[in-house]
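The exercises below are meant to be worked through with the sequence and the model side by side. Each task is followed by a solution that goes step by step.

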Amino acid sequence: MIPRIFYFLQFFTLFTVTFASTEEATALLKWKATFLNQNNSLLASWTLSTDSCRDWYGVMCFNGRINRLNNSVVGTLYDFPFSSLPFLQYVDLSMNQFSGIIPPAIGNLTNLVYLDLSSNKFSGKIPPQIVSLSHSKLSGSIPAEIGKIKSLENLFLQSNNLSDLPGLKLLYLHSNQLSGPIPTELGNLKNLNDMKLSHNQLSGSIPTTLGDLIGLKILYLHSNQLSGPIPSELGNLKNLNDMELSHNQLSGSIPTTLGDLIGLKILYLQSNQLSGPIPSELGNLKNLNDMKLSHNQLSGSIPTTLGDLTELEIMYLHSNNVLVPFLVSWGI
């Protein structure tokens, strides 16, 4: 599949300066020689007789050095010239047909700001030097060394100490085969707006430190193997719009502090092992549109305060042990 051409242009201003170094161009040509799709017309421009900054498909430069790369490739990264491209900052090789492992040499891209290798056929564990991979066939835990890339703003793994990435705003690790616990250090990412760890094999409890992410708007932890209680500290996330913790093994009661999430529009807690009553404090969520608490072990009466949720369009409470109150009191 031909990838989205220059996908990253929607994120970054494009600077094009001609005359990249011959060393950089030669290194890329050696990598091109390993491609399995040599007849790809998009790569016909890659020759030494043309200007790599001006004429090569998917290559852009700044101050005469290659710093952006986006290609359509069938092959591997084994021969990628990591050490020969010291000024490379933006790499989008997503939606290609790369296979094999991700070489540890990727850590040589010390100026990297944006890396997206998503939607390929990579295998093996995530190397400690990796930055961004979503929808790839990766397994293993999230490496601690990723936290050393201090200039990163957007991470798509669409991995364990991320505490040194203070500017990170988006963290997409969803739809992989990541395992192990969620690192407590994620609570140090104070500027994080959007965190998606769903559809993995993450286990253990939800760190209470996630309650420190006060700027968070989206929290997706669903479809994992998380256990233990829902931390009451999640009630600190006053800016949260969408919280989805469904399809795990969470137990204990629903924290009353979730009633403090006054901006919440979507709350998915279904398909867990939650017990106890439905907190009457959930009636404080005046902006709630969609609430799913089904397939748990909740008991007691349904709070009449839920009748105050005038914006609510979907509410699933089935497959529990709750009692329905007199519906007239809900205005139904």
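**Exercise 1. An aromatic cluster**

Is F82 buried or exposed, and what is its relative accessible area?

Solution. F82 is buried, with a relative accessible area of 5%, where buried means under 20% relative accessible area, exposed over 50% and partly exposed in between, with a 1.4 Å probe and protein chains only. Before going on, note that this is a predicted model, in which local features need pLDDT of at least 70 and side-chain atom pairs count only at pLDDT 80 or more, while totals for chains, interfaces and linings use all residues. Residues are numbered from 1 along each chain as its sequence is written, and side-chain values use heavy atoms, with hydrogens and water left out.

The next step is to look for ring partners, using the rule that rings of Phe, Tyr and Trp (its six-membered ring) pair if their centres lie within 6.5 Å, with planes under 30 degrees apart counted as stacked, over 60 as edge-to-face and the rest as tilted. By this rule there are five aromatic pairs. One of them joins W31 and F80 edge-to-face, at 4.7 Å centre to centre and with 75° between the planes. Because W31 lies in helix 1 and F80 in the loop between strand 3 (74-75) and strand 4 (90-92), this pair ties together parts that are 49 residues apart in sequence. W31 is buried at a relative accessible area of 0%, and F80 also counts as buried, at 6%. F80 in turn pairs with F82 in a tilted arrangement, 4.7 Å centre to centre with 50° between the planes. Finally, W31, F35, F80, F82 and F98 form one aromatic cluster.

**Exercise 2. The two sides of helix 1**

Determine which residues of helix 1 are buried, and what they pack against.

Solution. Helices (H or I, at least four residues) and strands (E, at least two) are DSSP runs numbered from the N terminus, and the protein chain has one helix and 23 strands. In helix 1, which covers residues 22-32, the buried residues are E24, A25, A27, L28, W31 and K32. Seen down the helix axis, these residues fall within an arc of 160° (taken from the directions from the axis to the C-beta atoms), so they line one face of helix 1. The face turned away from this buried side carries the exposed residues T22, E23 and K30. The buried residues pack against strand 1 (59-62), strand 2 (65-70) and strand 5 (97-100), with contact taken as heavy atoms within 4.5 Å.

**Exercise 3. Nonpolar cores**

Find which residues have the most contacts inside the largest nonpolar core.

Solution. A nonpolar core is a set of buried Ala, Val, Leu, Ile, Met, Phe, Trp, Tyr and Cys residues joined through side-chain atoms within 4.5 Å. The largest has 43 residues, and those with the most contacts inside it are M195, L219, M243 and L245. Not counting residues up to four places away in sequence, L245 touches I206, L219, L221, H222, I230, L234, L250, Y268, L269 and N272. Apart from this core lies another, of 26 residues, among them L28, I66, L69 and F82. Over the protein chain, buried residues make up 51% of the 332 residues.

**Exercise 4. Three loop residues**

Work out where H247, S271 and G211 lie, and whether each is buried or partly exposed.

Solution. Most residues other than glycine have a negative phi. H247, however, has a positive phi near 55°; it is found in the loop between strand 16 (242-244) and strand 17 (249-252) and is partly exposed, at 41% relative accessible area. S271 likewise has a positive phi, of about 60°, and lies in the loop between strand 18 (266-268) and strand 19 (273-276), where it counts as partly exposed at 22%. G211 is in the loop between strand 13 (201-204) and strand 14 (218-220) and is buried, with a relative accessible area of 2%. Leaving aside neighbours within four places in sequence, G211 is in contact with E233, L234, N236 and L237.
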